[in-house]
Amino acid sequence: MKRIFLIIIATFMVVSSYAQTYGEYNQYANINFEDGTSKDVLGNADAVLLNGATIVADAERKGNVMHFDAAQRGHLKFQKSPLNDEMTLSFWFRQEDLTADSFWRMIFAFYGADGSNLYYTPLTNWSTNSYFVFDNKSYNVYKSIASPPLKNNIWTHIAIVFDNTM
């Protein structure tokens, strides 16, 4: 059974785990799972755990993390998309195992009403790299950005910056 761990220090608009103001940028959400829930401690985002995703203690991270099984499509869902033209999405991630049958399992994904989507996947059938994929149906734009392959059982920090140029 493929298991994937994810801790989201979900900071939209700024990379930080604290509520601070950085010039004109403000932190949108901080979901740290420390209270055993997917509650945003800033109160801005409404997120729920779905398809078997749970909160578990992790000794290495010295705190709680979200645990989900990609085969069951476990995930954290934002009830309202926090996407903006200028923002940063930042989180810690650790996968337990990854095999060839894991192609296109997504770490996160956002979907628009027009079918547009934005997602990060640790494995594709293109290569051994992980990919951030942006598919905007309204403007007929499809882009993918490769990042190094993710290693099993190693916590990795991922930060994706949107600066209105993609």
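**Figure 1. Surroundings of S38 in the predicted model.** Excluding neighbours within four places in sequence, S38 is in contact with I31, F33, A47, V48, L49 and L76. S38 belongs to the loop between β3 (25–26) and β4. The relative accessibility of S38 is 10%, and this residue therefore counts as buried, the cut-off being under 20%. A polar atom of the S38 side chain lies 2.8 Å from the backbone oxygen of A47.

**Figure 2. Pairing of strands β4 and β7.** Strand β4 (residues 47–50) and β7 run antiparallel and are joined by four bridges. Within β7, L76 is the bridge partner of L49. Both L49 and L76 are also among the residues in contact with S38.

**Figure 3. Alternation of side chains along strand β7.** Strand β7 comprises residues 75–78. The side chains of L76 and F78 point to one face and are buried, whereas those of H75 and K77 point to the other face and are not buried.

**Figure 4. Surroundings of P149 in the loop between β12 and β13.** The loop that holds P149 lies between β12 (141–147) and β13 (156–163). P149 has a relative accessible area of 39% and is therefore partly exposed. Residues up to four places away in sequence being left out, P149 touches T128, N129 and S130. The C-alpha atoms of P149 and Y131 are 8.8 Å apart in space, while the two residues are 18 residues apart in sequence.

Conventions: Residues are numbered from 1 along each chain as its sequence is written. This is a predicted model: local features need pLDDT of at least 70, side-chain atom pairs count only at pLDDT 80 or more; totals for chains, interfaces and linings use all residues. Side-chain values use heavy atoms; hydrogens and water are left out. Buried means under 20% relative accessible area, exposed over 50%, partly exposed in between (1.4 Å probe, protein chains only). Helices (H or I, at least four residues) and strands (E, at least two) are DSSP runs, numbered from the N terminus. Two strands pair if DSSP finds at least two bridges between them. Contact means heavy atoms within 4.5 Å. A polar contact is a pair of N or O atoms within 3.5 Å; within protein, one must be able to donate a hydrogen and the other to accept it, and residues adjacent in sequence count only if both atoms are side-chain atoms.
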